[in-house]
Amino acid sequence: MLPASSKMPHKQPPPPRKQSISMGRGARKRDEDSGTEVGEGTDEWVQSKATVKPPDQLDLTDAELKEEFTRILTANNPHAPQNIVRYSFKEGTYKLIGFVDQLAVHFTQVGNLIPKDSDEGRRQHYRDELAASSQESAKVVISETEILEEEEEPKEVEAGSQTDVPIVEASEKMAEEELMTPKQPKERKLTNKFNFSERASQTFNNPLRDRECQMEPPPRTNFSATANQWEIYDAYMEELEKQEKTKEKEKTKTPVAKKMGKMAMRKMTSMESQSDDITKVTQAAKIVERMVNQNTYDDVAQDFKYYEDAADEYRDQEGTLLPLWKFQNDKAKRLAVTALCWNPKYNDLFAVGHGSYDFMKQSRGMLLLYSMKNPSFPEYIFSSESGIMCLDMHVDHPYLVVVGHYDGNVAIYNLKKPHSQPSFRSSAKSGKHTDPVWQVRWQKDDMDHNLNFFSVSSDGRIVSWTLVKSELVHTDVIKLKVEGSTTEGLEGLQIHTVGCGTAFDFHREIDYLFLVGTEEGKIYKCSKSYSSQFLDTYDAHNMAVDAVSWNPYHTKVFMSCSSDWTVKIWDHTIKTPMFIYDLNSAVGDVAWAPYSSTVFAAVTTNGKTHVFDLSINKYEAICNQPVVAKKKNKLTHVQFNPIHPIIIVGDDRGHVTCLKLSPNLRKMPKAAQIQS
Amino acid sequence: MKTLVNFFPDLFQAEVEETLKRIQSHKGVIGTMVVNAEGIPIRTTLDNSTTVQYAGLLHQLTMKAKSTVRDIDPQNDLTFLRIRSKKHEIMVAPDKEYLLIVIQNPCE
């Protein structure tokens, strides 16, 4: 609805007032305009011929009067502003907006009509039909409600947005309806009363047949899983492993062993699938065996851990040894314990070498490794053809055990590999000894990082063996010669009588210095660098020296024992011993305690173990205890455990007994000073 | 040791058999049984009904115990489980796929 507005070039004279009474044609037009306001009647009444001009009316010339003014009807909104200026942020100035909205709204009304074709219209139509169909089948009783529905229907059809009005009307109508009798339903068809007959025909209904097909339900299984924190962790760890594996595969892909790798992989996978069920229980079986043993030897385990002999408080100068476990194995029953060694890394593991000291009865040998956690069965078993006379475990590689045999061979066993055979073995070609090897000792790796050990034997040679690329290479270090025994042989040859080495020990700090005990009873102080001469000789014993040992704390002191019933303590700078102990029986072995510089133990063939503490009693043993049941049992070796206060003692029946030291025997000296 | 098992199964089979025999003949041991991951007994020295009962019950208990330990610290794992009762002691050692159960009467 646009208003008509006139756009005129000139100023228009003001329209005549209603009061003006003007005659004449020109005036008459105006008059007619004004006349319509006043009414026709007035026009007839006022018919004078004189034109009356108002005094302030403009006087225009004829030309001016005849001038045509064009009036244009435009559709512009007269109220719309024509000079809107807006600030433009883009340019940063005020800009004149040329186009101005010309829309002027005069009248609005919200209507309630909706087109028939729209969604809402269709919906209502549909509802209409439903309501109508339900009405036809309804009974009179519910006609009221129908009527109400009907009444409401038209309201709905109208789709009034003004809901209050129809509701009000409906409620009014409802009130009316209740009073009124029920209206008739929809109009019935008009029928001829005379001869109208309804005809109907029914077609034949085809018989219906149901056809169904049922299949076997797909097999269903129930699946359930839990998502715990550890399951998530496991999943992540698996992912990590897979990634690492792929990385490794990529790394190893470059070498030629590509095909080999595939074969190996296939083998591995097939092995894994084929491996028998029972082998996977290995680890669990081991644990259970230990548990079962722990139960059986429960009191022993408790003693080992917690028992302290209370009586030691009253016995100042004496101590006792409490027997703990006894280790024995059927296979090694008739073999004597020839060597004992604690594992430097695992404090509960120790190695026992079995062989025979009897020259006449030589048979096989065994190497058994026991753990204190399982006293009934050894952890590792190795057997050899010749008796084992000595053994040593490497400090840095606790899985390497070097063994010396009665037939003069040396061998290295690798505990990581389960084979019963030694990893490396010497032979006649590689310079084995011609007499039993009495002692072996690991040394530090040589400059090429090859493993290195020394052995001493009755053939008078001290040999250094080096493991070079899985072969044992030997070097004679020293040949023991008995001084003053060179005899003149045939054709002026000088025959030296070779001494027989029976024991040696290396100095803990001075690398090249070591002691050798011989069968003649002498102890030689030697150096690795001098192969023909001894640094010093000590006339130690009357019979063969069974063991020599440097003191772990006092670098000058060493100890020796022999079958001549004595144990002697020496200072290596002095030719005569500092202390001599007579133990009434051949001494099999002596060992210094790792925790004190003044404590040492000695075992004798009468089955007794003697423990000395020089800071308490310089002349007598503070413990003197028979350890084995039968007196005929000879004790052959003794070793202190580096950590726990226990010692193991081996006898010639193949038994190893573990004993706990009572507190008195374990006293650590405050001022470790040995007085000569 | 575990990886070596895959390469030398025959070697280890005999060893495991021996270990199990030793455990069975140890003082006080009433019975041993090996149960797989689903709770089905594979090998046993007791009668069938007892075995099935022990297997089912202990399997569930071990799973619960393992779950408990790992929930507290996922890097930790159950080593073994001991149940001491008035009459005897039941020891369970779980493995990756198997469960080894030993019933012992510890002499007191």
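UniProt positions follow the numbering used here, with feature names shortened, and annotations may be inferred rather than shown by experiment. This is a predicted model: local features need pLDDT of at least 70, side-chain atom pairs count only at pLDDT 80 or more, and totals for chains, interfaces and linings use all residues. Residues are numbered from 1 along each chain as its sequence is written, chains are lettered from A and ligands numbered from 1 in the order written, and side-chain values use heavy atoms, leaving out hydrogens and water.

Q: How much strand is there over residues 538–571 of chain A?
A: That stretch carries the annotation "repeat: WD" in an unreviewed UniProt entry. Its end C-alpha atoms sit 11 Å apart. Helix (DSSP H or I, at least four residues) makes up 0% of it, while strand (E, at least two) comes to 59%.

Q: What kind of aromatic pair do Trp442(A) and Phe453(A) make?
A: The whole structure holds 27 aromatic pairs (ring centres within 6.5 Å; planes under 30 degrees apart are stacked, over 60 edge-to-face, the rest tilted). In this one, the centres are 5.5 Å apart and the planes meet at 75°, so it's edge-to-face.

Q: Which strand holds Phe453(A)?
A: The ring pair links distant parts of the chain, its two residues being eleven residues apart. Trp442(A) belongs to β14 (residues 437–443), and Phe453(A) to β15 (residues 451–457).

Q: How far apart in sequence are the parts that Arg441(A) and Asp505(A) tie together?
A: A search of all chains turns up twelve salt bridges (a Lys or Arg side-chain nitrogen within 4 Å of an Asp or Glu carboxyl oxygen). Arg441(A) and Asp505(A) form one, with their closest N and O atoms 2.9 Å apart. Arg441(A) is in β14 and Asp505(A) in β20 (residues 501–506), so the parts they join are separated in sequence by 64 residues.

How values were computed:
Rings of Phe, Tyr and Trp (its six-membered ring) pair if their centres lie within 6.5 Å; planes under 30 degrees apart count as stacked, over 60 as edge-to-face and the rest as tilted.
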